[in-house]
Structure formats: structure tokens, C-alpha cells
Amino acid sequence: MDFLVELFCGDGLATALIYISLTAFLGILLGKVSIFKVRLGVAGVLFVGIILAHFGARVNGSMLHFAQEFGLILFVYAIGINVGPRFFASLRNDGLQLNAFAVSIVLLGFGIAFALHKVLGIPPAVITGIMCGAVTNTPGLGAARQVVTDFNATHPAEAVDANMLGTGYAVAYPLGVLGIIMTMILIRSVFRIKVSHEVDKYNESIATGNQVESVVVKITNANLFGKTIEFITDYVDKELVFSRIERNGEFLVPTATFILEEGDIVHGVSDDKNVDNLRIKLGDVEIGQKRDVDGDLVMRRFLITNKKVAGKTLEQLGIYRRYPANITRIYRAGTQVLPNKRTTLEIGDAVRVVGRKDVMDEIKAELGDSITEWSHPNIVPMFMGIALGLIVGAIPFFIPGLPAPAKLGLAGGPLLIALLLGWKGRIGSMNFYMNSGANMVLREMGITLFLACVGLGAGGNFVKTILEGGYMWVLYGFIITVVPLIIVGSIARLMKVNYLKICGFMAGAMTDPPALEYSNSLSSTHAQSMAYATVYPLTMFLRILFGQTLILITL
């Protein structure tokens, strides 16, 4: 039995790995337990780590620190790559307004935390940990820990206990999650909101918004008779994608050399905002007249997995020139893209192709459509992106009033670079696409490692801290959570913002998946998730920056 004693009480790599793995296993199980539709989720790992450390689990500090920081890097990089393609697009429509609300929540929470420190004399590490826990933001905690580590290395005589960050976080986190949900319920009660009415209003709003539609166009512009489809495509580029031509009751493929005749009816895809222009340029337009493809024509959906295709525009690919077929829609990052000649295809795009049956196998072979290739993780670009992010994160920048330069750090640097790479998609021949399965594994593995290590590091003094006055930290954290949410949520409602969007941006402003899960349970619409995704990137960046800023200005 000596080997078991050595395994669980030693100071080696095996001991560290077994405690981290045990913490992750039990924590994930705890996170699945639902109480009043609320789950701890991955935060259960943090609390299991605290419990194990309280009862004597000890892990080598250097190993714990490495696993913790590496897990954080994997987590934020995966987040950035995932939301990057939608980041700048989210600023359109009401994205600026939603982000303004989210930023207000961040600033108010930061101000309250700083005021509590000044008035009550709460130690810097403690108030920073409480703030990060109150807003349920783990990367912010990681960024603050790095600042403390750097500070301790340069100021050994004034060293700060970094474990107090994790303790403050763990104490404030539970009511942080509950506080967000309680605020959602409070706003609904105070403003007497009926969720069913909000769902109807949201559905009405998206029904009148810009969206990709099937259209039928009866050509009445005599100037177009006798012209080729390629000529007309240039004429209405970015406004209409040709799917097929109806002539005398027969459907034909609109190849580049196809000549349009009087009486032809064009079936295609457009954005509803383009309808008025199409009526002026082409003729009569009807929206939503989608019909099944029959006869020699078929409609197929293919996945872009051929690396030789990735990065090419539709004009360079030339499907419409070389085959009696055309790409009519592109599905990317959960959204539909209306293609034109200059639209670039990327690995992971799903495309809808309409054309003759006998060429579909050739088109499939050219585009790839291989689940095996699609499932293969893009490892080389990932590590290049992480390395670049670490370099950017190490660059110091000076903020007036701070005693030391700030850095984006191990969390902010990789997140910023991942957002840019996810938005850009590729640099030269290097594609930064990561399929959803690989992204989810990377994200969950990273956050699980980080929380397990934080819990194991902070748990030794957790109960002692609570008994010696730490219970007040719970109250401080609750104030930081609910006051900004109540103020901004109420203002948003007074401005007639849809309640479902309010729930979404509040959950996003707190970067809190359990709160999003609760808000999604209110209705099956996408309003909550879209609002969450819209504010998440900017909020995450600010949470990381302010986690560092608070510790720096209070040291």
C-alpha cells in the first residue's frame, strides 16, 4: 500500500495529475445537478477542488500553476476563434446599443468594487477575487493572478497572497450566478412583463428585418432579353443569386452562357432589402415562393473540406462556368451568407448547390464534403495563434494613474488574437477555422483545468477564511452583481428593449453560461443567445482588462 500513500501524498507529477483529474471528474458531475433549473455547470469543478484541498489534497505549486495558466490560454483562445467571425457583424443593427448596456454593467461593477475597497479597506487580492466571482468571469481572475505573480516577483517584500484571489472568487461566485437570475426575475416582475408577448414582438421584428429569402422574378425589362446570365449576374451582383430558370413550364440551369428570353422566370435567392432594386432592374418580384427542385435538377448541400478550395472566391472556383450548377447559399458560423462572385469560401462552410443530377458527384469531389477531413482539428494554426497571442499579451502599456504598466496577459493576448484570426479566417494559405467539436473540447478542457487548479490552490484556507469574517465577502459580491444589473436592466426596459434581449445581454455582460441557460428556458427563440453572443467578445475583453486594472490600482 506504500505506492498509494506515495501517489496521494507525494509531490510529483502523478500526484498533481490524479488530483486535477479527480477534481474535474467529480466537479463536472456536481455541475450537472439542477436546483430550481439552475446548475453550477463547470463551476462545480472549482468547488470540488476547494473541498478536496480543505480535506488535505496537496499539489506541487509549480505544476498547479502551469496547468492552471495553460488551461486558461486554451479556454480564451477557443472562445475567440468561435465568436470572431460574428464579432464585427454583431455591431450592426442593435449591436451597438446592446454592447453599450453591457459595457455600462462592467463599468458600474468595477466602480462599486473600487468603492468598497476604498471605504471598507478590503485587501486588493480579496476585492479583485470577489469582483471576478461576482461577475462569474474566470479569465479576469486568471489575468489578475498573473499581475499578482509579476508583482510578487518584483516586490518580494510586499508579496501578495495570490490564493486569496481564488478564495474571494469562490466565495462570491454562487450568489453571482443566482444574482443574475434573480435580477431577471425581478425586472420581469416590476415591469409586469409577459414572456409570451415578448416572444411575439421579437418574432415580428425579425420577420420585418433583413434576411435571405427565396425569390421568383418575372423578367419584364426588355433590355435584358438576349443577354447572357453572366452579363445579368454582373448587373445584379450582391443582390440576386440565380438558382434556376423557368421557361415554358420547364426548369433549366442558368449557366454563364445561358441566354435570357422574354417570358423567362428566374428562381433565386436574395436579401429582402434588395427587392425594390430588383423590381427596378429586372421586373416583377415575389418573395418566399420557394418550390421543390424536380426533374433533372436537384438541390444538394456540401461541406467545404478541400483545402485547395478554401480561400478561393466563387469567381475563381468557377462552378457556375464549368458545370450546369450554381452555389445559391453559404452557411457560415451559424449565419447565412448571400454569395456573390467575390465571396470567399472557407473550410467548414456549408454550401447549397442547385444543378443537374449528373454533375453533383463531381462537384462534391471538388468541394470535399468529407466528415473525416472536417473533424480533423487545425492544430498548427492553433499553436501559431496562441504563440502570437502570448507575445501580444506580454507587451506592457501604460495607463495614467496605475503604479505599473498593464498587460493583456496570458488571457487577454490570446483572446484578442483569436478574435482577430477568427474574424479574418485566414492569412495566406493558413486557415484558422476550428470545427465546433474541436472548439468545444478545447474550451471545456481549458476551463476545467483552470478551475480545478484554482480550487485546489485556494481550498486549503477556504473554511478558515469564511469563519474569520469572509462571510461578509458574500454580501460584497452580491452588491457588485445585482446593483449594476438592476440599474442597466431597468434603463433598457424603459427604453422598450425586448425583455428576451435584456436577459441575453445581462448574461453576456456577466459571461455567465448558467444565466444564459436559464434565460433560454423562458422561450425557444434565439433572441437571448444572439444578444449574449453580441456582447460577449467585448465584455470578455473588458473583464480581463479590469481584473488587472483593479488589482494594480489597489496594490
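Me: In which helix is the place of Val483?

Reply: In this predicted model, Val483 has its place in helix H19, a helix that covers residues 462-494.

Me: How do I read whether Val483 is buried, partly exposed or exposed?

Reply: The general idea is to look at the relative accessible area, where under 20% means buried, over 50% means exposed, and anything in between is partly exposed. Val483 has a relative accessibility of 31%, so this residue counts as partly exposed.

Me: Which residues make the nonpolar surface patch, and which helix gives the most to the patch?

Reply: The patch is formed by Leu108, Val483, Ile487, Ile491 and Met495, and its area is about 380 Å². Helix H19 contributes the most, with three residues. A general point helps in reading such a patch: an α-helix has 3.6 residues a turn, so residues three or four places apart point the same way.

Me: How many helices and strands are there in the protein chain, and what share of the residues count as buried?

Reply: The protein chain has 22 helices and 13 strands, and 54% of its 555 residues count as buried. Its accessible surface comes to about 24,900 Å², and 61% of that surface belongs to carbon and sulfur atoms. If you take the contacts between residues at least 6 apart in sequence, 79% of them join residues at least 24 apart.

Me: What span should helix H8 have, and where does H8 bend?

Reply: The idea is to multiply 1.5 Å by one less than the number of residues. Helix H8 (residues 163-190) has 28 residues and should therefore span 40 Å, which agrees with the 40 Å between its end C-alpha atoms. There is also a bend of about 40° in H8 at Tyr173, and a proline, Pro174, follows within four residues. After H8 comes Arg192, which has a positive phi, near 50°.

Me: How many salt bridges are there, and what are the closest N and O atoms of Glu198 and Arg493 apart?

Reply: To recognise a salt bridge, look for a side-chain nitrogen of Lys or Arg within 4 Å of a carboxyl oxygen of Asp or Glu. The count here comes to five salt bridges. In the one between Glu198 and Arg493, the closest N and O atoms are 3.0 Å apart. Because Glu198 lies in helix H9 (residues 195-207) and Arg493 in helix H19, this pair ties together parts that are 295 residues apart in sequence. Both Glu198 and Arg493 are buried.

Me: Is Glu261, which forms a salt bridge with Arg247, buried or partly exposed?

Reply: Glu261 counts as partly exposed, at 41% relative accessibility, whereas its partner Arg247 is buried, with a relative accessible area of 16%. Arg247, Glu261 and Asp264 are joined into one network by salt bridges that share partners. In the salt bridge of Glu261 with Arg247, the closest N and O atoms are 3.6 Å apart. Glu261 sits in the loop between strand E5 (250-252) and strand E6 (265-271), while Arg247 belongs to strand E4 (residues 241-247).

Me: Where is the place of Ala256, and which residues does Ala256 touch?

Reply: Ala256 is found in the loop between E5 and E6, and at 9% relative accessibility this residue counts as buried. Leaving aside residues up to four places away in sequence, Ala256 touches Thr228, Ile229, Glu230, Tyr320 and Arg321. Ala256 and Ile229 are 27 residues apart in sequence, and their C-alpha atoms are 5.3 Å apart in space.

Terms used. Residues are numbered from 1 along each chain as its sequence is written. This is a predicted model: local features need pLDDT of at least 70, side-chain atom pairs count only at pLDDT 80 or more; totals for chains, interfaces and linings use all residues. Side-chain values use heavy atoms; hydrogens and water are left out. Patches are made of residues with over 30% relative accessible area and no salt bridge: like charges are joined within 9 Å, nonpolar side chains (Val, Leu, Ile, Met, Phe, Trp, Tyr) within 5 Å. Accessible areas come from the Shrake-Rupley method with a 1.4 Å probe; for residues, only the protein chains shown count as cover. Helices (H or I, at least four residues) and strands (E, at least two) are DSSP runs, numbered from the N terminus. Buried means under 20% relative accessible area, exposed over 50%, partly exposed in between (1.4 Å probe, protein chains only). Contact means heavy atoms within 4.5 Å. The bend at a residue is the angle between axes fitted to the seven residues ending there and the seven starting there.
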